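This report covers charged pairs, burial and a surface patch. The structure is shown below.

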Amino acid sequence: MLFLKFILAMLPIIWLVAALSGLKMAGHKACVIALLLTMVLAASYWKLSAACTLTAALEGVLNALWPICLVIVAALFTYNLTLKTGAMELIKKMLAGVSRDKRVLALMIGWGFGNFMEGMAGFGTAVAIPASMLAGIGLDPISAVLGCLVVNSTPTAFGSVGVPTVTLASVTGTQLLPLSGSVVLIQCILTFLSPFLMVIICGKGVRALKGMLPVTLTAALSFTVPWFLTAWFIGPELPDIIGSICSLGCMIAAIKIFNKAPDESYAIQISDGQGAEQKITAGEGVRAWSSFLLIFLLLIAASNLCPPVHNAIAGIQSSLVVYAGEGGNTLSFSWVNTPGVLIFIAAVIGGLIQKASFGDMVQVFLQTLQKYWKTILTICCVMAVAKIMSYSGMISDIAKFLVAAAGPFYPLIAPLIGAIGAFVTGSGTSTCVLFGGLQSETAAALGFHETWMAAANVMGAGIGKMVCPQGIAIGAGAINAVGSESKILSAVFKYFLLYVVAAGIICYAGAIMGL
């Protein structure tokens, strides 16, 4: 009976993998079918009433629209507006002034800036903004998305100023600082290796590491060491932010020392032929970067790092329960203190600084919605599937079977359970809510350390975001390649398997060592 429930509960996931990778179906079509399949299974086999099924789906759609789709549209609107005003071309030239090497820029934007965006905002910004910027400066768009998806797997635990780990501590009842230490310990190896993979992916082969080892090693160490120390001694709110700022500064210094004469085969091209020698004044530089600088400043001001502002706007929200059955979640809609709104505000102010008219902004916004409606539909369907699977008990049945099948070898698959949760929900925080309690309870029953196994869950959640349809849809939308989801999934899947296997081995080794 348990095996049958497992197989039936896995059908929507199996369908998504087969449709996206095997049938090469467009993401929005595959996810609509997955939603219909999940609704039929929940109503027929799991006996979820029609009212509960429909309201669970509605809760998922509302969760998708606010804040996830809001953040994605805001991020893409910001990028598209910088294209409209010509600011992105200036940014491209300024980056070329640091280095014209695509591999270096991939590290700076995809690794350094991407980790910063994850730490500050999360919700897809760490893929949407860096991938669009990398494609804009001349990297292969698919490689740009692939690299951002892979390196975004490790900072997820401390994304959005530590929300996933803080949530996990609440769900499991563990103390926050020891949990933060376990999370950073279990992830440090994969975190250190991630920038090397970024270079390999964006340089299209291991050969791309030639001449890049000093800069890549600097990028890895200068992020991982402060990231580790911050999580271990301070907590989960600041590791990504402090680590990324240290990494960006150290990378710039390392580039000046080790990458003075980059390989021309990896050099970016400046479209107007003037190259990096064109003199850009400080005022022009600030104007070009204004939107992104304002995103940073507004996110900092609205976070827990600035209590007066945070406390003043945190209460501007509405709450409601949508689900018709018992145990429905309370949805909270923060009308100001949410990354999407703050990014929109930064984009509008930045657009004005860049001399865009309100007519230009409206035009860019409407074009963004028109271009990415398939991405929005995909994410809404995925979130609806996740809610129905959660409320019906389908996700719980998947986890129970895996626990029963693994027994004492459970730590080997603990990250995989987290990855499955992230594949379905697309969210590290939601995965912690779904499986955090299960992981710690199973650890206690099997004699393993509860905090270590909870950390394995959030590590798996980050890995699962590589292949979740929601994340892939964000990436495809960011590079203006909606419909290429199957190609992206096929490309990223081998890295997903590598990370899942490595995570399982690390988790098992730590478990038997009593960590």
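## Salt bridges and surface

In this predicted model, K204 and D140 form a salt bridge in which the closest N and O atoms are 4.0 Å apart. The pair links distant parts of the chain, 64 residues apart: K204 is in the loop between helix 9 (176-202) and helix 10, and D140 is in the loop between helix 6 (125-136) and helix 7 (141-151). K204 is exposed, at 60% relative accessible area, whereas D140 is partly exposed, at 31%.

The count of salt bridges comes to four. Among them are the following pairs.

| Pair | N to O distance |
|---|---|
| K204 and D140 | 4.0 Å |
| E59 and K387 | 3.2 Å |
| R103 and D101 | 2.6 Å |

E59 lies in helix 3 (residues 50-85) and K387 in helix 16 (residues 373-392), so this salt bridge ties together parts that are 328 residues apart in sequence. E59 is buried, with a relative accessible area of 0%, and K387 is buried at 14%. R103 and D101 are buried too.

Another buried acidic residue is E118, with a relative accessible area of 3%. E118 sits in helix 5 (residues 102-120). Leaving aside residues up to four places away in sequence, its contacts are A126, N152, P155, T156, G159, S160, D240 and K465.

On the surface, a nonpolar patch is formed by L217, L221, V225, L229, W232, F233 and I234, together giving about 670 Å² of accessible area. One of these, L221, belongs to helix 10 (residues 213-233) and is partly exposed, at 41% relative accessible area.

Note on methods
Residues numbered from 1 in each chain as written. Predicted model: local features only at pLDDT ≥ 70, side-chain atom pairs only at ≥ 80, totals over all residues. Heavy atoms only, no water. Patch = residues over 30% accessible without salt bridge, like charges linked within 9 Å, V, L, I, M, F, W, Y side chains within 5 Å. Areas by Shrake-Rupley, 256 points an atom, 1.4 Å probe, with all protein chains shown as cover. Salt bridge = Lys/Arg side-chain N within 4 Å of Asp/Glu carboxyl O. Helix = DSSP H or I, 4+ residues; strand = E, 2+ residues; numbered from the N terminus. Buried < 20%, exposed > 50% of the residue type's maximum accessible area, 1.4 Å probe, protein only. Contact = heavy atoms within 4.5 Å.
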